[in-house]
Structures are given as C-alpha cells and as structure tokens.
2 protein chains.
Amino acid sequence: TSSGVFLLQMGWGDLGVFGEPSKETPHLDQMAAEGMLFLDFYTANPLCSPSRAALLTGRLPVRNGFYTTNGHARNAYTPQDIVGGIPDSELLLPELLKKAGYTNKIIGKWHLGHRPQFHPLKHGFDEWFGSPNCHFGPYDNRERPNIPVYRDWEMVGRYYEDFKIDLKTGEANLTQLYLQEALDFISKQQASQQPFFLYWAIDATHAPVYASKQFLGTSQRGLYGDAVREIDDSVGKILHRLQQLGISENTFVFFTSDNGAALISAPRQGGSNGPFLCGKQTTFEGGMREPAIAWWPGHIPAGGVSHQLGSVMDLFSTSLSLAGLQPPSDRQIDGIDLLPVILQGQLVDRPIFYYRGNELMAVRAGLYKAHFWTWSNSWEERSKGIDFCPGQNVSGVTTHTQEEHTRLPLLFHLGRDPGEKYPL
Amino acid sequence: TSSGVFLLQMGWGDLGVFGEPSKETPHLDQMAAEGMLFLDFYTANPLCSPSRAALLTGRLPVRNGFYTTNGHARNAYTPQDIVGGIPDSELLLPELLKKAGYTNKIIGKWHLGHRPQFHPLKHGFDEWFGSPNCHFGPYDNRERPNIPVYRDWEMVGRYYEDFKIDLKTGEANLTQLYLQEALDFISKQQASQQPFFLYWAIDATHAPVYASKQFLGTSQRGLYGDAVREIDDSVGKILHRLQQLGISENTFVFFTSDNGAALISAPRQGGSNGPFLCGKQTTFEGGMREPAIAWWPGHIPAGGVSHQLGSVMDLFSTSLSLAGLQPPSDRQIDGIDLLPVILQGQLVDRPIFYYRGNELMAVRAGLYKAHFWTWSNSWEERSKGIDFCPGQNVSGVTTHTQEEHTRLPLLFHLGRDPGEKYPL
C-alpha cells in the first residue's frame with residue numbers, strides 16, 4: 001500500500017468541513033465525506049521545522065533535536081542562516097520505507113536543514129522538487145542569496161529570480177508546478193507498479209501567501225483564501241488521478257497541517273483556527289490542533305468521524321504499518337499506529353504533549369488540558385505590534401510573560417470550553 | 001404546502017455542520033446534508049422577544065414595537081413583570097396563513113406578551129402548548145408566581161411546580177413533552193389532510209439549561225451539550241415522522257435561532273458562536289449570525305450551500321409564498337421571499353441591519369459590515385463580572401462605553417475577517 005501525506009500550513013478553521021464560514025474547500029470537504037475526519041488531531045510543535053522533523057521521525061522534537069536552548073520556551077527552526085538540521089542518527093520514514101521497496105518523493109518545503117549533509121536525498125527520499133526553506137525574500141542575491149529550488153540533487157533556480165513570486169499581486173504559479181509534479185510522480189509509479197510514499201509539503205498559505213493567476217481574487221477571504229482554494233483544487237486533482245489510475249484502493253492518503261494558522265499574518269496572509277485560542281507559535285489549541293483527514297476508498301468507511309487524540313507523529317508509525325514494517329526498536333517512538341483507529345474504530349488512550357522549544361508547556365489527557373506554563377509572546381514583541389492572539393485576551397491565560405503553573409496547573413475542559421477561556 | 005419552523009436558542013458554532021469540534025448533532029447535520037445550509041443568515045435582534053416578534057411579523061422590531069426608549073441601545077423583551085406585548089395592529093404569520101386554511105400551532109416559548117390580550121390564540125395560532133415567558137425561577141409562588149404553562153386557553157400548571165426542572169442536576173423532561181406534542185400534531189394534521197404551520201420554539205438551551213435523564217451526561221460539552229443533543233435527536237424524530245407519514249415533500253421545514261449563544265452563561269450553560277465575535281445581546285457577528293437550514297425533500301437539492309444574506313424575517317414572506325399568499329401591502333415588510341434563493345439558487349442583493357433597541361448599530365452590505373456604534377456591555381456590568389465577550393477583547397471594537405462612529409464607520413470585511421478583529 002502506497003501512502004501520501006499532504007502537509008499544509010492551515011488552521012483547523014480553514015476548511016469548510018471544520019466550519020469555515022465561506023465554505024470554499026469543496027474537494028477537501030469531499031475527501032472528508034469519503035474518508036475519516038479527525039477532530040482532535042495535533043501537530044508536535046507550533047512551528048514548521050520541528051513539526052516536520054517529528055512527522056518524519058515519529059518522535060518529539062526534544063528527542064530528534066529540533067529544539068533550542070538559546071532561550072526558554074523558544075521554538076527552533078531552520079532559516080537559511082542557521083547551519084543545523086536533522087541528525088544522521090535519526091531514522092526517517094522514507095529511509096525505513098525503502099526497505100519495503102518504496103520510492104519516496106518530497107514535493108515542496110523540506111525545512112530540516114539546507115546544508116549538503118541534510119539534503120533529503122541523504123535521508124531516504126529518492127526524489128525532490130522544492131526548497132530547503134520558506135520562500136521568504138526577495139533578498140539581495142550577492143550578500144544574501146534567494147532561497148534555492150532543487151530538483152533532486154540539482155539546484156534548478158531560486159525563488160523570486162527563476163521562480164517568480166509577485167509580492168504586490170500575490171501571483172505565483174508554484175502550486176501548479178507542485179501539483180503537476182505530484183500528478184507525474186503518481187502516474188510514473190502506477191506505470192512501474194512500485195509502491196510509493198509521496199510527501200506533498202507545499203507552502204502557498206505561508207506568508208508571503210501566493211496563488212496562481214486563475215485563483216487570484218476568487219475567494220471571499222482574500223489572498224489567503226485564494227491560496228486555500230488553489231490547494232483545495234490541487235488535492236482534488238491528485239485524489240482524482242489516483243482514482244483514474246485505479247490505485248486509490250492501494251493508496252492511503254492523509255491531510256493535515258504543521259501548525260495552527262499564523263494570526264500575526266491575519267487577515268490578509270493568515271488563516272483561521274476556528275473556535276480555538278491563539279495561533280502558530282503558541283501551545284493553546286489554536287497553535288497545535290490541526291485539521292486532519294484520512295482517505296483510503298474501500299478500506300475507510302465513508303463519513304467517519306474520530307475523536308482519537310492523534311498526532312502528526314502517528315503518520316510515521318501508521319505508514320510503516322501499511323508497509324508491513326515495524327518501527328525501530330532501538331529508540332523511543334512517540335507516534336502510534338492509527339490503523340486500528342481508522343479501520344476498526346478503536347480509541348487508544350494516549351496523552352498529547354504541547355512543547356515550546358524544550359519546555360513542556362501543557363498536556364492533554366482525554367478532554368482535560370493542563371497548562372504548566374502559559375505564554376503568548378513577550379511584551380517586547382507585543383509593544384512592536386506583534387501579537388499571536390489578536391482579539392483574544394484571556395486574563396491570566398494569554399500572558400505576555402512566561403507564567404509558571406507547575407504546582408497548580410491551569411486546567412481546562414476542552415469539551416465544555418474548546419476556546420480555553422474558562423479555567424476550572 | 002405546510003411549513004415548520006424550528007426556532008432554537010443556539011449559536012452558529014453549536015452544530016457539527018457549522019464546525020462545532022465535538023460534532024454531536026448528527027440529525028441536524030443530516031438535515032443540512034439533505035437540504036440547504038445558510039451560512040450568512042441573521043436574526044433581527046440579539047435578544048429573544050424582539051427576534052420572535054420580527055419572525056412572526058416579517059418586520060424589524062423598530063416597526064413592530066419590540067424596542068424600548070428606556071435606555072439608549074437597550075433591547076426590549078417581555079419578562080413576566082412587564083405588561084407590554086405584540087400590538088393588535090401587527091399582522092402575524094399565522095393570522096395570514098389562516099386565510100389559506102392552515103392550522104397553526106406554537107409549541108414552546110411565545111415571548112410576545114403574557115397578558116390576556118397578547119395570548120397567541122388571539123394572534124392567529126389555533127393551538128399552543130408552552131409558556132409565555134422564559135422558564136426562569138423558581139420563584140416564591142405567592143409574591144411572584146412561577147411561569148405558567150398553557151395548553152391552548154388553559155393554564156395547565158407552572159414551571160418548577162407541575163413541570164419540574166431540577167436546577168441542581170439540570171434534569172427536566174420538557175423537551176420530550178414538546179417533542180411528543182409536535183409528533184402528535186403532525187400525525188393529526190396528516191390524517192385530516194389539512195395544511196399546517198408548526199412553530200417549534202423550545203428553550204432547553206436557554207439558561208437555566210436542562211435535558212431529560214436519558215441525555216444527561218451524554219455530551220462532551222456538559223449540560224448545554226446534553227440539551228443540544230436532545231434537541232438534535234428531537235429534530236431527527238420530527239423529520240422522520242414527516243417522512244414516515246409521506247408528507248415530507250409537502251412540508252417546508254426551516255431551522256434557525258433567535259440570537260447568538262449567550263457567552264455570559266458559558267461554558268456550562270452557554271454555547272458557541274464559532275469563529276465570530278461576542279454573543280447574545282451584542283451586534284457583533286456572534287450575537288446575530290445564526291445557524292440556518294432549509295429542508296424540503298424533492299424540492300431543495302440535497303447538500304446545497306447558500307451565501308444569501310438571510311433573516312428570520314424572511315421566514316414570514318417565504319411561508320406566505322408557500323401558501324400562495326401575498327404579504328400585506330399596507331405596511332413595510334422587511335423580510336423577503338427566499339424561495340427563488342432556495343429553489344433556483346438566486347442571490348438577492350439586500351442589506352442586514354443590526355439593531356440594539358431602536359439604535360441602528362451596524363449594517364452589512366455584501367461582505368462589508370459598517371459599525372455606527374460599538375458596545376459590548378457597560379463598565380458597571382463588567383465590574384460585576386458580566387461579560388458579553390469573555391476572552392475576546394478587541395481594542396476599540398468590544399467597547400464597554402457606547403462609542404459613536406457615525407461619521408467614520410468602523411468597517412470590516414467579513415470574508416477576510418469573520419471575527420471582526422481587524423478594522424479596515
């Protein structure tokens with residue numbers, strides 16, 4: 001069984017099926033109607049790099065090295081001027097899938113290190129079309145070069161130079177390139193009858209947000225919505241290709257996100273976390289609860305809804321299970337195999353850990369969530385207008401100083417109070 | 001064609017299909033899947049009495065008399081110690097439907113006046129089972145009697161005395177009584193082959209919230225969720241009865257709410273307004289945007305979604321249209337006939353007016369909303385812990401003094417910013 005993971009950068013509230021009031025994601029909503037919706041699914045960190053490392057290793061960022069000790073509760077990521085990346089000692093999902101004859105491809109943003117030793121083809125992927133970092137820029141290309149775009153080992157150009165992004169209009173045809181790349185890969189794999197793992201990790205909804213000309217101005221939600229509509233359309237086309245080729249029943253597909261919507265970029269460049277508190281960078285629900293859909297026609301009953309507490313790390317164990325492989329036994333794996341949940345409707349008792357950097361900020365068990373530390377962002381940032389929780393000031397909860405509650409954790413019941421507004 | 005209106009007291013975010021994260025409303029979600037979902041549907045006032053008067057007259061509260069001049073921007077309602085009610089000069093929907101041979105029944109809360117001259121059977125209804133006011137109490141029954149419950153002209157008992165509500169456990173079997181009443185009425189009307197108008201206006205989700213024993217403790221959301229689950233179950237049973245009797249294709253059914261969820265009662269007794277700002281009593285989206293579903297098998301295409309700006313007042317004109325009647329021509333009617341929207345997918349250009357009392361606070365045109373006045377609640381109330389916008393403090397927007405913006409209205413784009421957090 002092949003697997004595909006769509007890893008987008010959207011909030012829980014960005015999909016129609018999760019309640020976005022414009023309902024502009026018909027293909028994702030259809031994917032949910034044909035598959036299983038996860039309502040209590042989490043990323044492993046409220047920031048992109050550590051979440052991606054967790055997805056591909058099945059391990060928390062405190063285990064796989066994606067944290068920093070430079071500042072308390074500071075998340076680590078890999079911008080282009082940082083030299084770190086995924087350690088060789090970590091076993092990535094594609095490395096393991098290779099043993100079962102899989103061809104592995106990453107399309108889009110890698111974000112686990114941009115130096116040669118961190119190249120995705122050194123960590124189990126067979127093919128790559130995309131970039132090592134976010135499409136920030138444009139930069140002066142002598143002092144600080146623009147972010148490169150790779151096809152496998154080869155750098156084929158740079159954002160803003162060879163791969164245009166018009167920051168004024170928001171126009172870029174990158175999602176179309178990434179879509180075509182996925183369709184071609186799937187067709188090639190079907191022809192060769194090889195199992196595959198496709199990791200479609202595109203970043204159109206990450207600021208600076210972009211969309212292709214045909215989608216610009218088509219959303220009620222502005223440029224961010226245009227990008228969401230293009231991604232939704234692309235997901236629909238990829239699933240349709242699997243069905244056309246007759247391999248949808250042999251391909252397990254999962255859609256999720258690496259962190260909550262970035263409210264600092266809202267409303268023009270940032271999405272919605274629905275009824276949840278705050279967004280990206282925080283350990284409130286808006287920062288870490290993610291939209292999630294499993295799709296596997298003929299195996300997953302249509303229209304299912306699961307309240308299993310799930311994590312992006314589970315995609316590691318689940319994909320191994322689909323390939324008939326066991327997770328490595330020489331290290332702690334934090335992900336669980338979701339197949340009994342998805343196929344037999346089981347519920348597995350497990351906690352969710354909310355980290356910022358290497359600090360355990362909160363834990364969820366069942367419907368209860370205990371905060372050991374609360375923090376939105378610093379007063380220093382706040383005074384510059386940076387706010388991770390705009391319009392959501394919950395006294396004693398969305399604190400601008402790091403508040404410790406380890407002796408008496410701040411407790412919420414997420415069933416009665418999903419917005420974390422009424423401490424018990 | 002008969003019509004049924006379910007008028008509940010829920011927030012936009014309380015239904016699974018609108019994104020409630022526990023997804024505990026399978027029957028309402030199914031109703032939406034078989035019918036048409038309205039995403040931009042409004043009540044006429046953020047409080048129950050004036051909204052109900054608007055629904056039944058098709059007119060804004062400033063026209064039908066449901067406002068007060070006792071205080072600026074103060075909503076009017078009819079508690080048991082107020083002597084006012086619906087004027088005789090107003091023509092109510094059931095009065096007009098009678099001319100087309102309809103039998104009209106109200107089940108639940110009337111709220112348009114409790115003195116004899118305001119009795120619903122004097123204003124067009126043929127049958128009534130329910131109460132003139134909210135089920136507040138218990139009161140001392142000599143000094144201040146408990147709220148009565150009527151069957152037609154006859155007072156058959158009082159809340160807390162003959163119709164028990166256990167405020168400690170939240171147990172009351174009232175929703176079951178109101179359900180049975182609806183099922184019996186529908187069966188009787190089907191047998192007599194008479195067209196009917198059923199107004200099912202029950203109040204289990206209004207504080208003090210209650211549910212029947214079989215539903216207590218069954219929701220992830222607490223007592224409020226138990227009440228929602230019982231209402232959802234009841235709606236499912238009523239629709240099922242219409243289908244069983246073979247009259248679903250002759251019965252137009254509409255589900256909506258009279259105001260946003262009351263966040264002052266949250267989380268135990270108050271619901272969710274999803275991504276919207278504030279709640280009941282306010283003219284922010286959380287106070288007036290409502291869940292809405294139209295259902296009419298064989299006529300409304302299944303799974304439709306409409307962005308028509310709609311209002312509870314439209315149910316007046318639409319129900320008349322279904323009966324082949326014209327709205328009265330001797331007065332201003334604010335509702336529009338939604339049938340072209342529902343059956344032919346038309347979009348009618350019309351504004352939405354947001355009133356508090358007799359003050360026009362805001363107007364929506366297309367995706368833009370202009371606030372002429374902003375106000376959440378007074379500092380005096382706020383200092384007593386009463387907050388209509390808990391956890392949602394938007395600087396300069398959720399003001400605790402009445403702020404005038406008539407010269408330069410505070411403008412929001414509800415597509416890009418449904419939460420009214422980023423003034424343009």
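Helices (H or I, at least four residues) and strands (E, at least two) are DSSP runs, numbered from the N terminus. The model shown in these views is predicted.

**View 1. The loop around Y67(B).** Y67(B) sits in the loop that runs between α3 (61-64) and α4 of chain B. The relative accessible area of Y67(B) is 32%, so this residue counts as partly exposed. Y67(B) touches P61(B), V62(B), A76(B), G357(B) and N358(B), leaving aside residues up to four places away in sequence. E359(B) is 292 residues from Y67(B) along the chain. Their C-alpha atoms are nevertheless separated by 9.3 Å.

**View 2. Helix α8 of chain B and its surroundings.** The helix covers residues 314-322. Eight of its nine residues are buried, so α8 of chain B is largely enclosed by the rest of the structure. The buried residues are D314(B), L315(B), F316(B), S317(B), T318(B), S319(B), L320(B) and L322(B). They pack against three helices and three strands of chain B:

- the helices α2 (48-57), α4 (93-98) and α9 (339-344);
- the strands β1 (2-8), β8 and β11 (310-311).

After α8(B) comes G324(B), with a positive phi near 75°.

**View 3. S3(B) in strand β1.** Strand β1 of chain B contains S3(B). S3(B) has a relative accessibility of 1% and therefore counts as buried, the cut-off being under 20%. Two residues of α8(B), S319(B) and L322(B), are buried there and also touch S3(B). S3(B) further touches Y102(B), F196(B), F197(B), L198(B) and F252(B). Residues up to four places away in sequence are not counted among these contacts.

**View 4. A buried lysine, K280(B), without a salt bridge.** K280(B) belongs to the loop between β8 and α7 of chain B. K280(B) is buried, yet it has no salt bridge. The nearest side chain of opposite charge is that of D258(B), 6.4 Å away. A salt bridge requires a distance within 4 Å. What surrounds K280(B)? Its contacts include P46(B), L47(B) and C48(B), then H206(B), and the run N259(B), G260(B), A261(B) and A262(B). G286(B), G287(B) and F388(B) are also touched by K280(B). Residues up to four places away in sequence are again left out.

**View 5. Two residues with positive phi, C278(B) and Q193(A).** Most residues other than glycine have a negative phi, and most peptide bonds are trans. C278(B) is not a glycine, but its phi is positive, about 60°. C278(B) is found in the loop between β8 (251-257) and α7 (285-288) of chain B. K280(B) lies in the loop between β8 and α7 of chain B as well. With a relative accessible area of 0%, C278(B) is buried. In chain A, Q193(A) has a positive phi of about 55°, though not a glycine either. Q193(A) occupies the loop between α5 (174-192) and β7 of chain A. Q193(A) is exposed, with a relative accessible area of 72%.

**View 6. Cis peptide bonds before P208(A) and P208(B).** In chain A, A207(A) and P208(A) are joined by a cis peptide bond with an omega of about -5°. P208(A) lies in the loop between β7 (196-201) and α6 (223-244) of chain A. In chain B, a cis bond links A207(B) to P208(B), with omega again about -5°. The place of P208(B) is the loop between β7 (196-201) and α6 (223-244) of chain B.

**View 7. The interface of chain B and chain A.** In this interface, 34 residues of chain B are in contact with 34 residues of chain A. The two chains bury about 2800 Å² between them, 62% of it on carbon and sulfur atoms. P21(B), Q220(B) and Y422(B) supply 23% of the area that chain B buries against chain A, more than any other three residues. How many salt bridges cross the interface of chain B and chain A? The rule finds zero. Six residue pairs are in polar contact between chain B and chain A. Of the interface residues of chain B, 100% are also interface residues in chain A, so the copies meet through the same surface.

**View 8. The axis relating chain A and chain B.** A turn of 180° and a shift of 0.0 Å along the axis lay chain B on chain A with an RMSD of 0.0 Å. The two copies are thus related as by a two-fold rotation axis. In chain B, G19(B) has the C-alpha nearest the axis, 1.8 Å from it.

Methods
Residues numbered from 1 in each chain as written. Chains lettered and ligands numbered in written order. Predicted model: local features only at pLDDT ≥ 70, side-chain atom pairs only at ≥ 80, totals over all residues. Heavy atoms only, no water. Buried < 20%, exposed > 50% of the residue type's maximum accessible area, 1.4 Å probe, protein only. Least-squares fit on C-alpha atoms with pLDDT ≥ 70 in both. Contact = heavy atoms within 4.5 Å. Lys, Arg positive; Asp, Glu negative; His and termini not counted. Buried area = accessible area lost by both parts, 1.4 Å probe. Polar contact = N/O pair within 3.5 Å; in protein donor to acceptor, adjacent residues only side chain to side chain.
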